[in-house]
Amino acid sequence: MTTEPGGMLTAADLRDVDEQLLEYLEEGRVTPRYARERLEEDLDEYSRGYVQQRLARLEEHQHVENLLGLGLYELVDDPRGVGDPDEHDD
């Protein structure tokens, strides 16, 4: 794992399912059930527990917030651009 200082994930740490979850979170808040249904249409079938685990991992690394601990997730910091070798600081 190539986490950034402070425990943030880099783009290299993300699985395909994480990338897709971040896409949904860009559109707005999600619940594990909602995300699971969307994933089934867009990527593959995953268990609700697995989707919850992936969201919890993103929360653990401070990329999403579980609002009031109710299972409603909101994007805080998108890790997809972090650690990208094509990213240049001009």
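**Exposure, salt bridges and a ring pair**

Me: L68 lies in the loop between strand 1 and strand 2 (72-75). Why does L68 count as exposed?

Reply: The model is predicted, so local features need pLDDT of at least 70 and side-chain atom pairs pLDDT 80 or more, while totals for chains, interfaces and linings use all residues. Residues are numbered from 1 along each chain as its sequence is written, and side-chain values use heavy atoms, without hydrogens or water. The relative accessibility of L68 is 80%, and exposed means over 50% (buried is under 20%, partly exposed in between; 1.4 Å probe, protein chains only). L68 is therefore exposed. Strands are DSSP runs of E with at least two residues, and helices are runs of H or I with at least four, both numbered from the N terminus.

Me: What makes the phi of L68 worth listing?

Reply: Phi of L68 is near 55°, a positive value in a residue other than glycine. Most residues other than glycine have a negative phi. Q62, which is not a glycine either, has a positive phi of about 65°. Q62 sits in the loop between helix 3 (48-60) and strand 1 (64-67), and its 49% relative accessibility makes it partly exposed.

Me: How do you know that R57 and D18 form a salt bridge?

Reply: Their closest N and O atoms are 3.9 Å apart, and the rule asks for a side-chain nitrogen of Lys or Arg within 4 Å of a carboxyl oxygen of Asp or Glu. The pair therefore qualifies. It links distant parts of the chain, R57 in helix 3 and D18 in helix 1 (residues 16-27), 39 residues apart. Both R57 and D18 are buried. By this rule there are nine salt bridges.

Me: What makes R80 buried?

Reply: R80 has a relative accessible area of 16%, so it falls in the buried class. R80 meets E23 in a salt bridge at 2.6 Å, N to O. This pair also spans distant parts of the chain, with R80 in the segment after strand 2 and E23 in helix 1, 57 residues apart. E23, at 35%, counts as partly exposed. R80 bridges D78 as well, with the closest N and O atoms 2.5 Å apart. E23, E26, D78 and R80 are linked in a network of salt bridges.

Me: Why is the pair of Y46 and Y50 called stacked?

Reply: The ring centres are 5.4 Å apart and the planes are at 20°. Rings of Phe, Tyr and Trp (its six-membered ring) pair if their centres lie within 6.5 Å, and planes under 30 degrees apart count as stacked, over 60 as edge-to-face and the rest as tilted. The pair is therefore stacked. A search of the whole structure finds one aromatic pair.
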